[in-house]
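Please open the model in your viewer and keep the sequence panel beside it. The stops below each begin with a selection and then describe what can be found there.

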Amino acid sequence: MSNDETTSPTMVGSVEDEEEDDETFLDDSILTISWHKEPVYAVDCHPQLCHTFLTASGDGTACLWKIQDGSQVQPYHTVEERGDSQSLAKFSPNGTLFATACLDGSVQVFNASNGSLISDLVGPTSSVEFLRWFQDSSCLFAGCSDQTAWIWSMSDGNPVNVFTTQAPVMSGCLCRQDEYAVLGMEDGNISVGELLPFDSF
């Protein structure tokens, strides 16, 4: 797959309105990048490197990008998922790692400096609905439509907490210095779980 295809800023075009003359809609972006082949489901900015960002797409790829001189954007690392569409992508707070998740439940962690695979995390069996990092980047938290939520340690890639729920998990966050997990459910309920103590170092 080519990784250097970019285009200039584009005008979206015009539409006909029944009550008005043709109206032109302008694209306010300074640059439009035509690289992914399917919808881009996630974008995340690097926490320290202000010109670096991450994308995840339905074409099965996640890509690290760098903005150069405000007028050029170049991909410098690309990872391809073995299975389904890449639906989520998130940098760790310390900027050394990034995680991606897919509609088939696969979750992977990569080195943010060179794009190499660090961990292929196991657990979820269907779509991952959110990814959250611990504040110290030591663990990754994910909620899934298979009625589970998972926390993996980055020291070895193993799960350290697993929550089961009565409905598919749709959203989630970590509270009180990563002591509690709050989950939003498809059935309208909210589940609060206390994290089990563990040694992740």
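Is Cys 102 buried or exposed? In this predicted model, Cys 102 has a relative accessible area of 0% and is therefore buried, since buried means under 20%. Select Cys 144 next, which also counts as buried, at 0% relative accessibility. While cysteines are on display, note that the structure holds zero disulfides.

**The four-stranded sheet**

Select residues 40-45, which form β3, and then add β4, β5 and β6, so that the open sheet with the order β3-β4-β5-β6 and antiparallel pairing comes into view. The edge strands here are β3 and β6, each of which pairs on one side only. From one strand to the next, the twist averages 25°.

Now restrict the selection to residues 52-57 and 61-68, that is, strands β4 and β5, which run antiparallel and are joined by five bridges. Within this pair, Leu 54 of the first selection stands opposite Leu 64 in β5. The two strands form a hairpin with three residues between them, and in the turn Gly 60 has a positive phi of about 85°.

Extending the selection to residues 72-80 brings in β6, which pairs with β5 in the antiparallel sense over eight bridges. Here Cys 63 can be found opposite Thr 78 in β6.

Next, select Ile 30, whose place is in the loop between β2 (23-25) and β3. With 64% relative accessibility, Ile 30 counts as exposed. Add Gln 72 and draw a distance between the C-alpha atoms: Ile 30 and Gln 72 are 42 residues apart in sequence, and their C-alpha atoms are 9.6 Å apart in space.

**Aromatic rings**

Show the rings of Phe, Tyr and Trp, among which a search of the whole structure finds six aromatic pairs. Which arrangement do Phe 91 and Phe 98 adopt? Their ring centres are 6.2 Å apart and their planes stand at 70°, so the pair is edge-to-face. Phe 91 is buried, with a relative accessible area of 4%, and Phe 98 is likewise buried, with a value of 1%.

Keep Phe 98 selected and add Phe 110, because the two form a second kind of arrangement to look at, a stacked aromatic pair with 5.1 Å from centre to centre and 20° between the planes. Phe 98 lies in strand β8 (residues 97-102) and Phe 110 in strand β9 (residues 107-111), so this pair ties together parts that are 12 residues apart in sequence. Phe 110 is buried too, at a relative accessible area of 4%.

For a further aromatic stop, select Trp 35, Phe 53 and Trp 65, which form one aromatic cluster.

**The nonpolar cores**

In soluble globular proteins, nonpolar side chains tend to be buried together. To look at the largest nonpolar core of this model, which has 16 residues, select those with the most contacts inside it: Val 107, Val 109, Val 128, Leu 131, Leu 140, Trp 152 and Met 154. The elements that give two or more residues to this core are β8, β9, β11 (128-133), β12 (139-144) and β13.

Centre the view on Val 109 and display its surroundings. Leaving out residues up to four places away in sequence, Val 109 touches a set of residues that includes Leu 97, Phe 98, Ala 99, Ile 118, Ser 119, Trp 133, Leu 140 and Met 154. A second, separate core has 14 residues, including Phe 134, Ile 151, Leu 174 and Ala 181.

**Ser 119 and the β13-β14 hairpin**

From Val 109, move to Ser 119, which lies in strand β10 (residues 117-121). Ser 119 is buried, with a relative accessible area of 11%. Which residues is Ser 119 in contact with, leaving aside its neighbours within four places in sequence? They are Val 107, Gln 108, Val 109 and Gly 157.

Gly 157 leads to the last selection, residues 148-153 and 159-164, which are strands β13 and β14, paired in the antiparallel sense over five bridges. Trp 150 stands opposite Val 162 in β14. The two strands form a hairpin with five residues between them, and Gly 157, in the turn, has a positive phi of about 80°.

Methods
Residues numbered from 1 in each chain as written. Heavy atoms only, no water. Disulfide = S-S within 2.5 Å. Buried < 20%, exposed > 50% of the residue type's maximum accessible area, 1.4 Å probe, protein only. Pairing = 2+ DSSP bridges. Axes fitted to C-alpha atoms, helices over the stretch in contact; angles between N-to-C directions. Contact = heavy atoms within 4.5 Å. Phe/Tyr/Trp six-rings, centres within 6.5 Å; stacked < 30°, edge-to-face > 60°. Core = buried A, V, L, I, M, F, W, Y, C linked by side-chain atoms within 4.5 Å.
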